[in-house]
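Here's a walk through one model, from its cysteines to its pockets. Have the coordinates open as you read.

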Amino acid sequence: WLSSTSYIKSFNKFLIKETKLNKNSEILDIGCGRGKILGNLTSKLRLANKPIGIDIEQHKDRDKRIIFNKTDAISYLKKNRKKFDLILLKQTIHFLPLKDIKKLLLLCMNCLNSGGRIAIFTLATSKNEIPTFLKMKKKLSRSLKRDQKMLRYINVLYPGSISKTFSFKVKISREKYVEMIKNRYISTLLNLSSSDILKGINEISRRYNKNLNFRDKLICRILKK
């Protein structure tokens with residue numbers, strides 16, 4: 001569902017509303033992946049200038065409506081001289097240690113236009129509905145506790161930050177969801193062994209119905225310059 005048209009449209013509707021984007025907005029997406037969110041924004045807002053996406057992976061099927069740079073965020077921002085109205089960090093900031101988060105956010109602030117915003121998205125840290133198997137659930141729980149600590153840290157650094165919640169109602173077949181698990185669609189699956197993944201898939205097949213319905217919820221922290 002994460003790459004579906006309905007999800008991307010719903011996410012961008014939320015993003016436009018909460019960050020006041022318009023056709024003249026200059027946008028940077030840190031950890032853009034294939035750039036599908038930025039590509040959709042480009043078309044929806046008819047952006048005057050192509051948004052910029054950076055990622056350490058260079059996917060062959062990345063969106064052609066964006067300017068892509070294969071690099072890490074801190075290196076890019078140190079060299080950057082461009083100013084942005086929005087810097088998007090969707091489920092990427094939690095990969096960094098706290099000291100690097102502080103450095104990254106300071107660099108982001110320095111690259112914002114007056115009134116510009118940083119939008120940080122992380123998985124909801126409580127009442128998370130994502131279907132899991134036992135080992136995945138334990139790792140996800142540890143990850144969410146770290147995210148809670150990270151969000152508290154951001155609140156200390158930027159006490160004026162605004163908190164919002166994005167929610168998307170997911171309807172997906174168990175078969176497709178299993179494929180997502182095989183492809184390690186969330187970071188908590190990345191370090192699991194092939195054996196762990198196989199056991200997890202068997203557990204998912206036993207525990208859940210053929211069709212899954214749940215809410216994918218993200219916490220959004222908005223920092224304004």
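## Cysteines without partners

Cysteine 32 is buried, with a relative accessible area of 10%. This is a predicted model, and its count of disulfides comes to zero. For cysteine 32, the nearest cysteine sulfur belongs to cysteine 108 and sits 14 Å away, so with a cut-off of 2.5 Å there's no disulfide here.

What about cysteine 111, and how far off is its nearest cysteine sulfur? Again the neighbour is cysteine 108, with its sulfur 6.9 Å away, and cysteine 111 is in no disulfide either. Cysteine 111 counts as buried too, at 5% relative accessibility.

## An enclosed strand

Move on to strand E5, which covers residues 112–123. Nine of its twelve residues are buried, so the strand is largely enclosed by the rest of the structure. Strand E4 (residues 84–90) runs parallel to E5, and six bridges join the two. If you want a spot to look at, leucine 88 stands opposite alanine 119 in E5.

As a reminder for reading any strand, side chains in a regular one alternate between the two faces of the sheet.

## Salt bridges

How many salt bridges does the structure hold? There are eight. One of them pairs aspartate 61 with arginine 34, with the closest N and O atoms 2.9 Å apart. This pair links distant parts of the chain, 27 residues apart. Aspartate 61 is in the loop between strand E2 (52–55) and strand E3 (67–70), while arginine 34 is in the loop between strand E1 (27–30) and helix H2 (36–45). Both ends have some exposure: aspartate 61 counts as partly exposed at 42% relative accessibility, and arginine 34 is partly exposed with a relative accessible area of 38%.

Arginine 65 and aspartate 63 form another salt bridge, where the closest N and O atoms are 2.8 Å apart. Are the two partners buried or exposed? Arginine 65 is partly exposed at 35% relative accessibility, whereas aspartate 63 is buried at 9%, because the cut-off for buried is under 20%. Then there's glutamate 179 with lysine 182, whose side chains meet in a salt bridge at 3.4 Å, N to O. These two both lie in helix H6 (residues 174–182), three residues apart, which is about one turn of the helix. Glutamate 179 has a relative accessible area of 39% and is partly exposed; lysine 182 is partly exposed as well, at 46%.

## Loops worth a look

Two residues have an unusual sign of phi, given that most residues other than glycine have a negative phi. Lysine 20 isn't a glycine, yet it has a positive phi of about 60°. Its place is in the loop between helix H1 (5–19) and E1, and lysine 20 counts as exposed at 56% relative accessibility. Glutamine 91 isn't a glycine either, and it has a positive phi of about 55°. You'll find glutamine 91 in the loop between E4 and helix H4 (98–110), where it counts as partly exposed at 22% relative accessibility.

Now jump to isoleucine 186, in the loop between H6 and helix H7 (194–207). Isoleucine 186 is buried, with a relative accessible area of 10%. Its C-alpha atom is separated from that of lysine 36 by 17 Å, although the two residues are 150 residues apart along the chain.

## Pockets

Glutamine 91 turns up again here. The largest pocket has a volume of about 1600 Å³. Of the 48 residues that line this pocket, the closest to its centre are Gly31, Gly33, Asp55, Lys90 and Gln91. Which element gives the largest share of the lining? Helix H5 (residues 134–157) does, with three residues. By class, the lining has 23 nonpolar, 14 polar and eleven charged residues.

The second largest pocket holds about 210 Å³ of space. Its lining includes Thr125, Ser126, Lys127, Asn128, Ile130 and Thr132, along with Lys137, Leu140, Ser141, Leu144, Lys145 and Gln148. In this lining, three residues are nonpolar, six are polar and three are charged.

How values were computed
Residues numbered from 1 in each chain as written. Predicted model: local features only at pLDDT ≥ 70, side-chain atom pairs only at ≥ 80, totals over all residues. Heavy atoms only, no water. 1 Å grid on protein atoms, 1.4 Å probe; cavity = no way out; pocket = protein on both sides within 12 Å on 5 of 7 lines; lining within 4 Å. Points joined across faces, edges and corners; volume = space filled by probe spheres on them. Helix = DSSP H or I, 4+ residues; strand = E, 2+ residues; numbered from the N terminus. Nonpolar A, V, L, I, M, F, W, Y, C, P; charged D, E, K, R; others polar. Salt bridge = Lys/Arg side-chain N within 4 Å of Asp/Glu carboxyl O. Buried < 20%, exposed > 50% of the residue type's maximum accessible area, 1.4 Å probe, protein only. Pairing = 2+ DSSP bridges.
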